[in-house]
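Q: I'd like a close look at one part of this structure, the chain-to-chain contact. Could you take it in context and walk me through the parts around it?

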2 protein chains.
Amino acid sequence: MVYRRTAAASERDARTRTTILVAARDVVRESGLTGAAIAAVAARAGVAVGTVYRHFPSRDELITEVVRETCDRELAEVAAVVRSDGPPADRLVAAVELFATRALASGRLAYSMIAEPTTEAAEVLRLVIRAELAKLFASIVADGVATGAFERQDPATSGTALVGAVSEVLIGPLARQPLSGDERSEVLEHLTQFAMRAVGVRSPATLEVAR
Amino acid sequence: MVYRRTAAASERDARTRTTILVAARDVVRESGLTGAAIAAVAARAGVAVGTVYRHFPSRDELITEVVRETCDRELAEVAAVVRSDGPPADRLVAAVELFATRALASGRLAYSMIAEPTTEAAEVLRLVIRAELAKLFASIVADGVATGAFERQDPATSGTALVGAVSEVLIGPLARQPLSGDERSEVLEHLTQFAMRAVGVRSPATLEVAR
DNA sequence: GCAAGGAGTGAACTGTGGTTCACTTCTTGA
DNA sequence: TCAAGAAGTGAACCACAGTTCACTCCTTGC
């Protein structure tokens, strides 16, 4: 056997793969999922079209991985907040703010992850991720209900509804022009208050403290 | 002049147009916007592909008209509820329930209107329609705030958030299997309570009365 | 009946974008 | 240095719609 795959070789290999993945994410950030044609991604990565296919079996897989990777990172952050210490109301506000801040800062990427038209595969994945996010919110709600901090309610429905509410409020702005800093914090303020009311935070004082 | 366009002629013409439009809506209902290829619509309408293009300049226009028509009808109904008499809390519940009931009853059509991946044109239109719906909800909220029935808040944000919340809760089920009657009413119950809390209905009693 | 002109037809055209694959280039280990 | 095999290349291929247009069919009014 004259050729054996060395550590150096597979590292180079992995690097190329990563290059393509990063390029894909960049293209999505700029041109959306629709704009992420293989040719465009390859050009951005500085490789040939065929090379992309050496590392990913199909465009669908590539796009799916971009979506999954991006969302997983966001989900992990939100999850950390959810699992952190502190009263549920604070955690809820922190989660909403984190999600919102990230979304507003990411430009088109967030829109692509949340709402952009795309293929069936990515769509399914997106539904899963939204459900995941809803579950995270639901767990805060469940905690709040258990401790009596929130009114009694169905955590699953509330979690899902919160995800929808936050997304919708953020997509609106995203689809239009970017907001100024002031507008941003104002929208955020309104949004968190909406969320606090929605879960029925018991003590009105928390509304003030939470910020 | 040997040929003049008669009333009968243009009526036939209009009828063909309507036939195509109805066929398009049916196809969307069954196969979604993605499945509404010109060939499929033409086949359903019982006309040739070229005939579709005699009545609509492009697929985009056809799809856009389907979306607009469908949404306009729904919007009108919600608008009627919004402008009806009665306390804001009741109107809000009625609006949510109407929207939800329609969405749940329409099968894939609602999903297509609210969330399905599609072309840029329909997407823009959809954003407009969602904004319209948000405005309707916002006006109820504004009324509620003005009369003191709801807590103080930014009606625009709350309206948008409500649309998002309702959509998300409904799309989840829609994307999965259809719900049984019991599940439906349970989800609806949770959803309306969420909405009531979210706008900060002052009297908890209203929560009971509203149903 | 028949000429004029609009409606209807569907095969062919076109543009786009994913995918393939014969070929070239590079790396490895003897 | 060189043969083997992996990585990289990109022109060509293909599939899938949307769109066009030369042609046929039908209605109208003389």
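**The contact between the chains, and what lies around it**

A: Let's start inside one chain: in chain A, 68% of the contacts with a separation of 6 or more are between residues 24 or more positions apart; a contact here means two C-beta atoms, placed from the backbone, within 7 Å. Keep in mind that this is a predicted model, where local features need pLDDT of at least 70 and side-chain atom pairs count only at pLDDT 80 or more, while totals for chains, interfaces and linings use all residues. As for labels, residues run from 1 along each chain as its sequence is written, and chains are lettered from A, ligands numbered from 1, in the order in which they are written.

Chain A has 10 helices and zero strands, going by DSSP runs numbered from the N terminus (H or I of at least four residues for a helix, E of at least two for a strand). Of its 211 residues, 41% count as buried, meaning that 20 or more other C-beta atoms lie within 10 Å of their own; 12 or fewer makes a residue exposed, and anything in between is partly exposed.

Now the contact itself. On chain B, 28 residues are in contact with 28 residues of chain A. The elements giving two or more residues to that side of chain B are α7 (120-147), α8 (155-175) and α9 (181-198), and α8(B) has the largest share, with 12 residues. By type, this side of chain B splits into 12 nonpolar, 11 polar and five charged residues. For that split, Ala, Val, Leu, Ile, Met, Phe, Trp, Tyr, Cys and Pro are nonpolar, Asp, Glu, Lys and Arg are charged, and the others, Gly among them, are polar.

How do the copies relate? A turn of 180° and a shift of 0.0 Å along the axis lay chain B on chain A with an RMSD of 0.1 Å, so the two are related as by a two-fold rotation axis. The fit is by least squares on C-alpha atoms of residues with pLDDT of at least 70 in both copies. The copies meet through the same surface, because 100% of the interface residues of chain B are also interface residues in chain A.

There's a nonpolar core to look at too, that is, buried Ala, Val, Leu, Ile, Met, Phe, Trp, Tyr and Cys residues joined through C-beta atoms within 7 Å. The largest one has 118 residues, and F137, V166 and L191 of both chains A and B touch the most other members. Leaving out residues up to four places away in sequence, F137(B) touches A95(B), G159(B), L162(B) and V163(B).

A95(B) takes us to α5(B), where the buried residues include A95(B), V96(B), F99(B) and R91(B). After α5(B) comes G107(B), with a positive phi near 65°.

Back on chain A, helix α7 (residues 120-147) holds A142(A), and V145(A) lies in α7 of chain A as well. A142(A) is partly exposed, since it has 18 other C-beta atoms within 10 Å; V145(A), with 19 such neighbours, also counts as partly exposed. Setting aside residues up to four places away, V145(A) touches F150(A), R152(A), Q153(A) and P155(A). V145(A) and V199(A) are 54 residues apart along the chain, with 8.8 Å between their C-alpha atoms.
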